[in-house]
Amino acid sequence: MNTELVITTFQKPNYLNVVLKSLSEQACLPNRVCIADDGSDSSTQSVIESFQALNPNMPVRHVWHENLGFRKTAILNEVIRSSRADYLIFTDDDCVMHPRFIQRHLELAAPGQFITGSAIRLEQDFSDKILRDGKLHWDNNGRPMGWKARSRSELLKSMPFNPRLMSVLDTISPVRCSWAGGNASTFRKYILEVNGFDESMGYGAEDKEFGARLINMGLKGRHLRYTAPLYHLEHSRGYIDYAQIKKNRMTLNATRSSGKIRAENGID
């Protein structure tokens, strides 16, 4: 099975640098990496080139379009259209991957489903420290050094026990499954069948709307709450448009109630 990791990014080269370093520490690697770039300047290209120089055996492609505002759905559709992989794993430039992240997605990849998971949101001070260090350091238990869970839920999400035990918790924990753009995967052919992401949607619920169409098509979602840890680096969100978010939620509700499968303004 040919696999590709897709990392969406926009104008956060220091964040992307940390995420790429977590990629180099993975127990299992994809066949290719794609940086889905929503219009960053040349500093992002420099980060990618530095990563390639240090990891010459990891093929990396950089798909970029002009910065015309938040157009994550459009750049993702271009990446999906041009990909030659059978299976795609998606994450973002602010999500640091646990060393077993990719391995867990790939070992559970199966027909008729998509996989999605959650992220542990780091506080600003700890995020700033990671960015200053240029990477996230792991302790012997596979958790971030210096990090302290703020709740039992966060602790469990960090996979503190044997992965087999944590996978049992995944199975018995009832969670309404929706596509989470920073932690998700499925077969490319399923994404093409629903015509990818809806490019009329800006920030807010655009991932969930895409996942709702996968569910309408008959796919089952499998939620990895405890076995595919991601650590979300805090940052500002100047791109938030509350009017667009309200419109997106209406679109999401309409998709769920209508059983819609294909996006009109999608990959085609």
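Start by selecting Asn-195, in the loop between helix H8 (188-193) and H9. This is a predicted model, so read each stop on the tour as a feature of that prediction. Asn-195 has a positive phi of about 65°, although it is not a glycine. Most residues other than glycine have a negative phi. Is Asn-195 buried or exposed? With 2% relative accessibility, Asn-195 counts as buried, because the cut-off is under 20%.

**Along H9 to H10**

From that loop, move on to H9 and show residues 206-217, then add helix H10, residues 242-258. The two axes come within 9 Å and cross at roughly 5°. Because angles under 35 degrees count that way, H9 is roughly parallel to H10. Now turn on the side chains where they meet. On the H9 side, pick Lys-208, Glu-209, Ala-212, Arg-213 and Asn-216; in H10, pick Thr-251, Leu-252, Thr-255 and Arg-256. Colour that contact by class and you get two nonpolar, three polar and four charged residues.

**A tryptophan in a loop**

Next, select Trp-179, in the loop between helix H7 (163-172) and strand S8 (184-187). Trp-179 counts as buried, at 2% relative accessibility. What does Trp-179 touch, once residues up to four places away in sequence are not counted? The list includes the aromatic side chains of Phe-90, Phe-114, Phe-197 and Phe-210. Also in contact are Thr-116, Ala-184, Ser-185 and Thr-186, along with Asp-207, Lys-208, Gly-211 and Leu-214. Lys-208 is one you have already seen, in the contact of H9 with H10. For a distance check, draw a line from Trp-179 to Asp-86: they are 93 residues apart in sequence and 19 Å apart in space, C-alpha to C-alpha.

**Two sides of H7**

Step back along the chain to H7. Select Met-166, Ser-167 and Asp-170, the buried residues of this helix. Look down the axis of H7: its buried residues fall within an arc of 105°, so they line one face of the helix. They pack against helix H4 (101-107), helix H6 (152-157) and strand S9 (220-224). Which exposed residues sit on the face of H7 turned away from its buried side? Select Arg-164, Thr-171 and Ile-172 to see them.

**Past S9: a proline**

Follow the chain beyond S9 and pick Pro-229, in the loop between S9 and S10. Pro-229 is another buried residue, at 2% relative accessibility. Show its contacts, leaving out residues up to four places away in sequence: Val-96, Met-97, His-98 and Phe-101, then Lys-157, Ser-158 and Met-159. For another distance, try Gly-142, which is 87 residues from Pro-229 along the chain, with 9.9 Å between their C-alpha atoms.

**H5 and what it leans on**

Strand S10 (230-232) leads you to helix H5, whose buried residues pack against that strand and against helix H1 (13-24). In H5 (residues 124-133), select Phe-126, Ser-127, Ile-130 and Leu-131, which are buried. These residues cover an arc of only 140° around the axis, which puts them on the same side of H5. Spin the view to the other side of H5 and you find Asp-125 and Arg-132, both exposed. Just after H5, click on Gly-134, where phi is positive at about 85°.

**H1 and the loop before it**

Now go to H1. This helix has twelve residues and reaches 16 Å from its first C-alpha to its last, close to the 16 Å expected at 1.5 Å a residue. Its buried residues include Pro-13, Tyr-15, Leu-16 and Val-18. Add Val-19, Leu-20, Ser-22 and Leu-23, which are buried in H1 as well.

Between strand S1 (3-9) and H1, stop at Gln-11 in the loop. Gln-11 has a positive phi of about 55° although it is not a glycine. How much relative accessible area does Gln-11 have? The value is 33%, which makes Gln-11 partly exposed.

**Last stop: Met-58**

Finish at Met-58, in the loop between helix H2 (42-54) and strand S3 (60-64). Met-58 is buried, with a relative accessible area of 9%. Leaving aside neighbours within four places in sequence, show its contacts: Leu-29, Pro-30, Asn-31, Arg-32, Val-33 and Phe-51. Then draw one more line, from Met-58 to Ser-24: they are 34 residues apart along the chain, and their C-alpha atoms are separated by 9.1 Å.

How values were computed: Residues numbered from 1 in each chain as written. Predicted model: local features only at pLDDT ≥ 70, side-chain atom pairs only at ≥ 80, totals over all residues. Heavy atoms only, no water. Axes fitted to C-alpha atoms, helices over the stretch in contact; angles between N-to-C directions. Helix = DSSP H or I, 4+ residues; strand = E, 2+ residues; numbered from the N terminus. Parallel < 35°, antiparallel > 145°, perpendicular 65-115°, else oblique. Contact = heavy atoms within 4.5 Å. Nonpolar A, V, L, I, M, F, W, Y, C, P; charged D, E, K, R; others polar. Buried < 20%, exposed > 50% of the residue type's maximum accessible area, 1.4 Å probe, protein only. Arc of directions from axis to C-beta. Expected span 1.5 Å × (residues − 1).
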